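Please look over the sequence and the structure shown here before reading on. The report is meant for someone who has not met this structure before.

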Amino acid sequence: MNIVVCIKQVPDTTEIKLDPVKGTLIRDGVPSIMNPDDKGGLEFALRLKDKFGANVTVITMGPPQAEAILREAYAMGVDRAILLSDRKFGGADTLATSRTIAAALRKLDYDLIVTGRQAIDGDTAQVGPQIAEHLGLPQVTYAEELEYDGKDTFTVRKADEDGYQIVEVDAPCLVTALASGVKPRYMSVRGIVEAYDKPVEVWNFDSVEVDPDTIGLNGSPTRVAKSFAKGMKAPGQLYEVEPEEAVEIILAKLREKFII
Amino acid sequence: MNFNLTPTDELFLQMIREFAEKEVKPLAAEIDETERFPEETVKKMAKLGLMGIPVPVEYGGAGGNNILYTMAVEELSRVCATTGVILSAHTSLCIAPIMENGTQAQKEKYLPRLASGEWLGAFGLTEPNAGTDASAQQTTAVLEGDHYVLNGSKIFITNAGHANVYIIMAMTDKSKGTKGISAFIVEKDFPGFSVGKKEKKMGIRGSATCELIMENCIVPAENLLGQEGKGFAIAMKTLDGGRIGIASQALGIAQGAMDETVKYLKERKQFGKALAKFQNMQFQLADLETRIAASRLLVRKAAFRKDCKVPYSADAAMAKLFAAETAMEMTTKAVQYHGGYGYTREYPVERMMRDAKITEIYEGTSEVQRMVIAANLFK
Amino acid sequence: MDKNEYKNVFVFAEQRDGKVQNVAFELLGKARELADALGEKVVAILLGHNLEGQAQECIEYGADKVLVVDAPELETYTTEPYAQAVYSIIERYKPSIVLYGATTIGRDLGPRLSARVSTGLTADCTALEISPERDLLMTRPAFGGNLMATIVCKDHRPQMSTVRPGVMRMAPKDPSRKGEVENVEVNFDRSKFRVRVKETVKETKNLIDITEAKVLISGGRGVGSKEGFTHLRELADTIGAEVSASRAMVDAGIIDHARQVGQTGKTVRPDLYFALGISGAIQHLAGMEESDFIIAINKDKFAPIFSVADLGIVGDVNKIVPLLTAKLSK
C-alpha cells in the first residue's frame with residue numbers, strides 16, 4: 001500500500017504576539033512547526049505502515065526552509081520526502097495551492113492520500129477537499145480514527161458537531177485528519193540521527209505538469225484586499241468592594257449580557 | 001571551531017523538549033513526593049531509543065553521540081532531575097564501560113538489551129568504607145574454575161533494584177592495591193546477588209538508591225569486564241564519562257530553576273511593579289544566567305572531546321564542578337526569589353534545590369573534581 | 001467569464017435529519033442584506049429527502065425562492081451526491097454569490113465545489129459586504145485570530161464563502177412572507193458515490209473542547225487548591241459553563257491540560273470569560289484576550305489581568321465565587 005501525506009510548515013500561531021503600539025504582528029522569533037492536523041494525519045499513515053507495511057511518502061509545498069518538517073517526518077519514520085518549491089507556486093490561495101499539489105500527486109502512486117483538516121495559519125480546511133476533487137477521489141474529512149481492511153476499503157470515524165459517523169470509503173481516496181484524534185509519535189533518536197542523511201527530493205515547476213495560469217498568485221481566484229489588526233480594547237471598570245457588593249455587580253453585568 | 005548546533009542537534013532538542021514537557025514534567029512532583037521510581041517513563045524513553053543514544057546501530061542503539069546524550073540528560077533534568085539521573089547512570093555507568101571495555105561476546109549479549117531499554121543498567125563501586133577513597137575496596141572476587149565468587153556489599157547504587165545489569169568492582173588480588181581491583185558484569189539473577197535497603201534521600205527521590213549485597217555470588221568467568229586488575233582504571237574512566245552526565249543533570253536543574261524564576265519574577269508584583277523590573281534582581285539573574293551558559297559550554301566541550309576520543313578527564317571534572325555549584329546556587333536563589341512560596345511544594349524550585357545538592361556529591365564530590373583538575377594542572 | 005451573467009445570492013440551506021439548521025437561517029438574513037444592496041434575489045438551495053415545510057421556513061427567514069432537490073441519495077449528507085446537486089444548480093442558475101455554513105458539512109462541501117466550479121472560497125467569514133464595484137468583500141480572521149483579512153474574488157463567479165454558526169444574525173421569522181418553491185431534478189452519476197455512512201452516533205463529547213464554549217470559568221493560582229476549584233465547577237454547573245484554567249493549575253495537576261488556556265494551551269474566544277485568581281501572565285492573556293467579555297477577580301489590584309478585563313473585581317475568589325453561585329442558583 002502506498003500512502004502520501006500532505007504536510008505544511010506553519011508559524012506556531014500560539015507564539016505570535018501583537019505589537020501593542022503598532023498593532024502589527026510580531027513574527028520574528030516565532031518558531032515554525034509541522035501543522036498539528038497534518039502531524040495527526042502523518043500518525044494515521046505511520047500506524048498503517050506499522051500494521052500493513054505501507055510505504056509512506058510526505059510532500060510539502062513551501063519555501064526551501066520547509067525542508068525542516070520533512071526531516072522531522074523522516075525522524076518519525078516516513079520512507080520518502082518531497083519538497084514542492086518554486087517561486088511560481090508562491091502567493092497562491094487554496095484553490096491554486098490545491099492544483100499545484102494535485103499535479104505533484106499525479107506523479108505518485110497512492111492508495112490513500114492524507115492531509116490535515118486545516119492549517120493553523122489559515123484555518124480554511126479547503127486544500128484537502130480541493131485536491132480530492134482535482135484527482136477525482138472520494139473524500140472523508142474530519143477523521144478521528146482510520147482503519148484499513150487490508151484490501152480496498154478504509155473505515156473512518158468522522159467527527160461532526162453532534163458526535164461522529166462511521167463511514168466506509170473505497171481506495172484510492174483522500175482523508176483529512178484531526179489532530180485531536182491521535183497522539184502523534186515522537187521522533188525516534190535513531191530517526192533523528194539518520195534524518196539528515198536521507199534524500200529530500202526538491203520538485204519545481206518543471207517537475208510537475210500544470211498550467212502556469214492556474215497556479216501561484218495569478219492562478220488564484222481570491223485576493224487579499226486588505227488586512228488589519230483587530231482594534232485594541234478600551235480599559236474596563238475596576239471595583240474594590242466587599243464580596244457581597246462584588247457579587248451584585250457581577251450579577252448585574254450577567255443580566256445585561258443575557259447570560260442569566 | 002564552531003559553537004552552532006547541527007540541524008540534527010536542533011531536531012533532537014525539539015523532540016526531547018517536547019518529551020520532557022509532556023511526559024516527564026507532569027510526574028516530577030508526584031514521584032518526588034512518593035519516592036516512586038518512574039517505570040512508565042523509562043518504558044517511554046526506551047521506545048524512542050533514548051536508553052541507547054550513543055550506542056552504535058549494530059548493537060541496537062540509536063547511533064548518536066555524547067552531545068545528544070548530554071542534551072537528553074539536561075532537558076530531562078530541567079523538568080525532573082530523577083529522570084535525568086536514571087538515564088545518566090544507565091548510559092554512562094553501565095553501557096559506556098561495556099562499550100569501551102567489553103569483549104565482542106559481552107557487547108553482543110548486553111548492549112542490545114541495554115540500548116533498547118529492555119534492561120536497565122547500574123554501577124557499583126562505593127562501599128561503606130570506600131567512598132571518595134575508592135581504592136579501599138573490600139568486596140572480593142575469587143576465581144573458582146569457570147566462575148568468580150563475589151562477596152561484599154555496595155552502597156548508594158543508583159537504579160538498584162530496577163536494573164538488570166550491574167558493573168561491579170571487586171578485589172581479585174588484595175596485595176596489589178588498586179591494581180588488584182577487577183570489574184564484573186553482574187546480572188540481577190545471578191545466585192547470591194541481592195538488593196538491600198533503599199535509602200531515604202533529600203532529593204532525586206524518585207530515583208532508587210540502594211545497597212547491593214553479594215553473598216557467594218556466582219559470576220561466570222566470561223563476565224569479567226576487561227582484564228583482571230584493570231577494574232580501578234575502568235571505574236575511574238567510567239566516572240570521567242559519568243561526570244559529563246551528572247554535569248548535564250546539574251545544568252538541567254539550574255536551567256529549570258532559571259525558567260521558573262524568570263516566569264515568576266515577570267508575574268509577581270510587589271510595590272506596584274513586577275519583580276523582574278527591579279535592577280538588583282536583574283543583575284543577580286544576569287550573573288546566574290552567565291554561569292548557566294558557561295556550564296553548558298563546559299558540558300558540551302567535555303562531551304565533544306569524548307566523542308573525538310581525546311582525553312577529557314579534566315574537562316569532565318570542570319564541567320561537573322562548575323555545573324553542580326551553579327545548580328546549587330541557582331536553585332538556592334530561586335527559592336529565595338520565590339519568597340515564602342518558594343519554600344512550599346506548590347512551586348517546583350523547592351524540589352530543584354533539594355535535587356541540586358546531590359550533584360555536588362555523587363560520581364565524585366566537588367572536592368574530588370578539584371583534585372582531578374589540579375592533578376591535571378600539575379602533572 | 002461574463003460576470004453579468006451571474007446574479008442573485010444563494011444560500012446552501014443545510015438540513016440535518018430533515019430540519020434546516022439555524023446557520024442557514026442566519027445566512028438567509030445576511031443574504032437578504034447583500035441581495036438588497038445588489039438589487040437581486042435571495043435563493044435557498046435545499047437538498048434532502050422528504051422535506052415537508054422546510055422550504056416555506058426558508059422563505060419566512062428571507063428567501064425569495066427555494067430550489068429543492070428531493071432525492072433519497074440526499075437524505076444523509078455525503079460529499080459527492082451533494083456536490084453533484086449543488087454543482088448542477090450553479091451551472092443552471094449562475095448565482096453571483098453562494099454562502100455555506102462553516103459546519104462540518106459546509107466545510108466539506110464548499111471546497112469540493114470551489115474546485116469543481118473553479119472559483120474562490122473564503123472560509124469562516126465574520127463580515128460580508130458589497131463593494132462599490134458590486135463585488136463581495138469577505139472578511140475573516142487570519143493567523144489564529146491575530147489579524148483580520150478582507151478577501152475579494154473579482155474575476156470568478158460565483159463568489160463563495162463559509163460563515164460560522166452564530167456569527168450572522170437571523171432575521172425575525174415572518175410567516176406572512178411569500179416566495180417561490182421550485183423542484184429541481186438532478187441526474188446523479190452514481191458511479192462516483194464511493195463513501196457509505198455506516199453509523200451515525202450522537203454523543204455529548206467526553207472530551208469537551210473549551211474553544212467551543214460560550215462561557216468559560218477559568219481558574220488560576222489564586223484559586224489555590226483542588227477544593228478552591230470545586231467552587232469554580234459549581235459556578236460553571238449553575239450557569240451551564242465550562243471550566244478552564246491557567247497553566248499553574250494544570251502544572252499542579254488540579255485540571256487536565258486539555259482545559260488549559262494560554263500560549264501552551266488553547267486559545268479561546270468565548271462570549272464570557274471569567275478569570276478567577278488568574279494574575280494574567282502574557283502567555284495566558286494571549287489565549288483569552290479576544291473573549292467578548294472578560295470578568296476578572298484577583299486579590300492584587302495591579303494584576304495584569306485587569307488590563308484586559310471589561311469588569312474587574314479586586315477581592316478573594318474563594319469568598320466571592322461561592323456567594324455568586326449561591327445567588328445564581330436561587
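What follows is a description of a predicted model, arranged by chain contacts, sheets, helices and domains.

## The contact between chains A and C

In the contact between chain A and chain C, 67 residues come from chain A and 67 residues come from chain C. On the side of chain A that touches chain C, the elements giving two or more residues include the helices α3 (94-105), α4 (127-135) and α6 (243-256) of chain A, and among the strands there are β9 (139-148), β14 (223-229) and β15 (237-239) of chain A. By residue class, that side of chain A divides into 31 nonpolar, 17 polar and 19 charged residues.

Strand pairing also links the two chains, since β14(A) is joined by 6 bridges to strand β10 (residues 147-152) of chain C, and the two strands run antiparallel. Within this pairing, A:S227 has C:A149 of β10(C) standing opposite.

## A sheet of six strands

Strands of chains A and C also come together in an open sheet of 6 strands with parallel pairing, whose order is β15(A)-β18(C)-β17(C)-β16(C)-β14(C)-β15(C). At the edges stand β15 of chain A and β15 (242-245) of chain C, and because each has a single partner strand, one side of each is left without a neighbour in the sheet. From one strand to the next, the twist averages 15°.

The strand from chain A enters this sheet through β18(C) (residues 311-314), with which β15(A) pairs in the parallel sense over 3 bridges. One of the residues in this pairing is A:L238, whose bridge partner in β18(C) is C:G312. Helix α5 (residues 226-239) of chain C lies across β14 (215-219), β15 and β16 (272-276) of chain C, and it runs at about 175° to β14(C).

## A sheet of ten strands

A further open sheet has 10 strands with mixed pairing, in the order β13(A)-β7(A)-β6(A)-β1(A)-β8(A)-β12(A)-β9(A)-β10(A)-β11(A)-β13(C). Its edge strands are β13 (200-203) of chain A and β13 (195-202) of chain C, each of which pairs on one side only. The twist in this sheet averages 30° from one strand to the next.

Inside the order just given, strand β8 (residues 112-116) of chain A and strand β12 (residues 173-177) of chain A pair in the parallel sense over 5 bridges. In this pair, A:V114 stands opposite A:V175 of β12(A).

## Two helices of chain B

Two packed helices are described by the angle between their axes and the distance between the axes. In chain B, helix α6 (residues 231-267) and helix α8 (residues 313-338) pack at an angle of about 25°, and their axes are 8 Å apart. That angle makes α6(B) roughly parallel to α8(B), and the crossing of α6(B) and α8(B) is left-handed. The residues of the contact of α6(B) with α8(B) divide into 20 nonpolar, 5 polar and 4 charged.

## Chain C: its contact with chain B and its domains

The contact between chain C and chain B takes 4 residues from chain C and 4 residues from chain B. On the side of chain C that touches chain B, the residues divide into 2 nonpolar, 1 polar and 1 charged.

The domain assignment of chain C gives domain 1 (3-192) and domain 2 (215-329). Taken over C-alpha atoms, the centres of domain 1 of chain C and domain 2 of chain C are separated by 39 Å.

Notes. Residues numbered from 1 in each chain as written. Chains lettered and ligands numbered in written order. Predicted model: local features only at pLDDT ≥ 70, side-chain atom pairs only at ≥ 80, totals over all residues. Domains from an automatic or database assignment. Axes fitted to C-alpha atoms, helices over the stretch in contact; angles between N-to-C directions. Helix = DSSP H or I, 4+ residues; strand = E, 2+ residues; numbered from the N terminus. Parallel < 35°, antiparallel > 145°, perpendicular 65-115°, else oblique. Left-handed = near helix turned anticlockwise from the far one by under 90°. Nonpolar A, V, L, I, M, F, W, Y, C, P; charged D, E, K, R; others polar. Contact = placed C-beta atoms within 7 Å. Pairing = 2+ DSSP bridges.
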